[in-house]
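Subject: Structure for you to look at

Hello,

Here is the structure I said I would pass on. My notes follow below it.

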Amino acid sequence: MTGTGSTQDRLHARTVPLDYGPDALQFDGSPTVLFDRPGLTLVGWGTAQLIEAADVTATLAAIECDDQVNRTGSGVVALGALPFTDCMSGVMAVPRFTMGIATDPDGRVHRWATAVGPLDRPLPETEELFDAVIWQYGTNAEAPKDVDVLEFSTVLDSAGYAQLVSRAVSTMQAPGATLGKVVLSRPLTATLSGTLPLSAILRRLRAHEPACTVFSMPVPDGVFFGASPELLVARRGRRVTAHPLAGTVARGATARLDADAQGQLAASTKAQSEHHYVVEAIAAVLEPACTTLTVPGAPSLVAFRSVAHLGTRIDGELTEPAASVLDLLARLHPTPAVGGTPRTEALAFIEAGEPTPRGYWAGPVGWADGKGNGEWMIGIRSARLHLEGDIVTLQAGAGIVADSDPTAEATEVNVKLASVLEAVVPGSSTQLR
């Protein structure tokens, strides 16, 4: 599905500043799209247009927009979750109404609203646009009803996952082996006692993981949502940033145990090797597109609620003409953080070994505009709410290298699954085995 069409199908847009407005997650129902990271929130309702990812930049650039805000994320934007395989064939949505909230480093908050509509129809004025956005929130929401997990099902349990890891390790340890790393995942489906109150889950995700990007995006078979810790790529003008994470340890229950766990991660040869593959691959893609690229020589510890990772922040300045964020995304994805290295060999192992396609898990999630700017996270720490509303599928993976321990990797994946499960249905992770 492309963004081309007849003259009657052409769009125009208006972005106006808002003096005040609600918190983006205080809605009664679910928005069409949500991208909520520290410092920037984009929340949209309705759909003005659906565009294939490969056509987004050009299609948005052709939409005339009166942007009275001119900030990152203002104007016409498209948001979406893209599939893990053949990501640029995925579809992104241009919302009918979008509210943006940006917070400066000094704490100053900026709000705006964007309306997009057919070129032959007038757009709402500022007050009408504000009312249209506020109307989405409603006033008398009922408290969400608690749901419980009735049962879990999986096509790959912990023991089966450990066996898959063992096969990967054997492959990498074989004489003449070329496979250096492969990320292996397993899915878990939970049948619930009632309809999942998604808006409440998103609020809980933000409360649990304030440093992550909370997202909710429609996909053909439901809604893909989560709290991603990992920035795949962001572009603002000529500046490009990536922040890969690879190498994981469960957080300790006490300050001493936590410090010990993170110290062991920092000193782990296995984790350092796994992380190096990712950083090296991303730098190799970005360097030809940049005049300068800064890659720290050693990773830092990045801690979240239940796990800590090794992370490396990569910053660069793009050459002119600067590649769009979607061009960069297409070159980068899948990085060794979610695929492996060499890429082709790792993806072939994944396809042969994992029992089901990944769908949107570990695919890119984010937004883009017509200037080539945008931000894209990796869709991990995520779940898919099925269309029925009472079934949710989670997925988690771990990076496997030649000296990986299958039992430890299976435990790591369970920790990651449990962290998402606790946000979806608090207390249910005790049932996870």
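Which residue does the side chain of Arg238 meet in a salt bridge? The partner is Glu317, with 3.4 Å from N to O. Please keep in mind that this is a predicted model.

Arg238 sits in the loop between S14 and S15, while Glu317 belongs to strand S20 (residues 314–318), so the salt bridge ties together parts that are 79 residues apart in sequence. Arg238 is partly exposed at 30% relative accessibility, and Glu317 is partly exposed at 35%.

The loop that follows strand S14 (231–236) and leads to strand S15 (239–243) also holds Gly237. Gly237 is partly exposed, at 34% relative accessibility. Leaving aside residues up to four places away in sequence, Gly237 touches Leu318, Ala322 and Asn373.

The count of salt bridges comes to 16. One of them joins Glu409 and Lys270, whose closest N and O atoms are 2.9 Å apart. This pair links helix H9 (residues 406–424), where Glu409 lies, to helix H6 (residues 269–286), where Lys270 lies; the two residues are 139 residues apart. Glu409 is buried, with a relative accessible area of 4%, and Lys270 is buried at 16%. Both residues are part of a network of salt bridges that also includes Lys181 and Glu274.

On the surface, Asp19, Glu125, Glu127, Glu128 and Asp131 form a negative patch. Of these, Glu125 is in the loop between strand S9 (109–118) and helix H2 (126–135), and is partly exposed with a relative accessible area of 48%.

Regards

How values were computed:
Residues numbered from 1 in each chain as written. Predicted model: local features only at pLDDT ≥ 70, side-chain atom pairs only at ≥ 80, totals over all residues. Heavy atoms only, no water. Helix = DSSP H or I, 4+ residues; strand = E, 2+ residues; numbered from the N terminus. Buried < 20%, exposed > 50% of the residue type's maximum accessible area, 1.4 Å probe, protein only. Contact = heavy atoms within 4.5 Å. Patch = residues over 30% accessible without salt bridge, like charges linked within 9 Å, V, L, I, M, F, W, Y side chains within 5 Å. Areas by Shrake-Rupley, 256 points an atom, 1.4 Å probe, with all protein chains shown as cover. Salt bridge = Lys/Arg side-chain N within 4 Å of Asp/Glu carboxyl O. Lys, Arg positive; Asp, Glu negative; His and termini not counted. Charge placed at Lys NZ, Arg CZ, Asp CG, Glu CD.
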